Amino acid sequence: MPIRTSATGCRAAVLGSPIAHSLSPVLHRAAYAELGLDDWSYERFEIDEAALPGFVAELDGSWAGLSLTMPLKRAIIPLLDEVSETAASVEAVNTVVLREDGRRIGDNTDIPGMIAALRERGVEKAESAAILGAGATASSALAALARVCAGPVTAYVRSEARAAEMRGWGERLGVDVRTAGWDDAARALEAPLVIATTPAGTTDALAASVPARPGTLFDVLYDPWPTALAAAWSDRGGEIVGGLDLLVHQAVLQVEQMTGVPRAPLAAMRAAGEAALAAR
């Protein structure tokens, strides 16, 4: 998509609830500054599912794109003109490109963002993997593992309903998903690749169970950082991929789609994110 040279003062924003903690404005504004897009702005709006249709209906031609966080990643889909195959595969849109012809195009940059974050740490393939949790991020993790993991993926969850959900996503995505109860979650840490998708504090009790020679841990949290699990993993010499890595890589793809610039400034965006977290 060509850059929107016919528009000045292009706008973009992240929507969700709660939204005050979001680092997206920091990352996107850093990209605009580096790219010389001085007339672009990026804001955050506290928007829930009930308010989303009205907000989208009022967007005018100055808008270039939206970032969506919870609980809007599925709620946005009926409001779009087109959804990418990647987003449709997990029924979750985190990126909307607003074209100058008025069309609204939805995509999911979390999945390629995860893959890029892993590759940055040298993880191209894994023989098997484990996922801690079964929420929306877990389904995106499964979609990423469909391209990374050659063998089975074991999901550690708290209920049979969640287990069935994860097995269903596995069938849909072509991943051999096996499930186990949360009581056995310490066994997940023996996998060569572990993706933790749970809320802050959930995996803290697992820190004491990190094996002597851990593989790679991808913990999607970024605040607070490091998590107790990530700190213990690092102390044992394991490779760590953090939530900021994911956030930056998916934001790079968002900037590229919204602006049409083919190479967003990853280093500048990461530096801005690190500075913002350090200041909290």
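**Sheets and helix packing in the predicted model**

Six strands form an open sheet in the order β9-β8-β7-β10-β11-β12, and the pairing within this sheet is parallel. Its edges are occupied by β9 and by β12 (residues 239-241), each of which pairs on one side only. From one strand to the next, the twist of the sheet averages 20°. The model described here is a predicted one, and the arrangement of strands and helices is reported below sheet by sheet, followed by the contacts between helices.

Within the parallel sheet, strand β7 (residues 129-132) is joined to β8 by four bridges, the two strands running parallel, and L132 stands opposite Y156 in β8. Helix α4 (residues 110-120) packs on this sheet, where it touches β10 (193-196), β11 (216-219) and β12, and the direction of α4 makes an angle of about 145° with that of β11. Strand β8, which spans residues 153-157, also pairs in the parallel sense with strand β9 (residues 177-181), in this case over five bridges; the bridge partner of V157 in β9 is G181. Between these two strands the chain passes through helix α6 (residues 160-173), and the resulting β-α-β crossover from β8 to β9 is right-handed.

A further open sheet is formed by six strands in the order β2-β1-β3-β5-β6-β4, with mixed pairing. Because β2 (41-46) and β4 (82-83) stand at the edges of this sheet and have a single partner strand each, one side of each is left without a neighbour in the sheet. The partnership of strand β1 (residues 11-16) with β2 is parallel and extends over six bridges, A12 having Y42 as its bridge partner in β2. Two helices are found against the mixed sheet: α1 lies across β1, β2 and β3 (63-68) and runs at about 170° to β2, whereas α8 packs on the sheet through contacts with β1, β3, β5 (95-98) and β6 (104-107), its direction making about 15° with that of β5.

The helices α1 and α8 also pack on each other. Helix α1 comprises residues 24-35 and helix α8 residues 243-259, and their axes lie 10 Å apart at an angle of about 55°; the two helices are therefore oblique to each other, and α1 passes α8 in a right-handed crossing. On the α1 side the contact involves L27, H28, A31, Y32 and L35, which meet L247, V248, A251, Q254, V255, M258 and T259 of α8. The residues of this contact comprise nine nonpolar and three polar residues, with no charged residue among them.

Helix α8 packs in addition with helix α9 (residues 266-278), at an angle of about 135° and with the axes 10 Å apart. This pair is therefore likewise oblique, α8 to α9, and the crossing of the two helices is right-handed. The α8 residues L244, D245, V248, H249, A251, V252 and V255 meet L266, M269, R270, G273, E274 and L277 in α9. By class, the contact of α8 with α9 contains eight nonpolar, two polar and three charged residues. V248, A251 and V255 of α8 thus appear in the contact with α1 and again in the contact with α9.

Technical notes
Residues are numbered from 1 along each chain as its sequence is written. This is a predicted model: local features need pLDDT of at least 70, side-chain atom pairs count only at pLDDT 80 or more; totals for chains, interfaces and linings use all residues. Side-chain values use heavy atoms; hydrogens and water are left out. Two strands pair if DSSP finds at least two bridges between them. A crossover is right-handed if, with the strands pointing away from the viewer, the path from the first strand over the helix to the second runs clockwise. Axes are lines fitted to C-alpha atoms, for helices over the stretch in contact, and angles run from 0 to 180 degrees between N-to-C directions. Angles under 35 degrees count as roughly parallel, over 145 as roughly antiparallel, 65 to 115 as roughly perpendicular and the rest as oblique. A crossing is left-handed if the near helix is turned anticlockwise from the far one by less than a right angle, and right-handed if clockwise. Contact means heavy atoms within 4.5 Å. Ala, Val, Leu, Ile, Met, Phe, Trp, Tyr, Cys and Pro count as nonpolar, Asp, Glu, Lys and Arg as charged, and the others, Gly among them, as polar.
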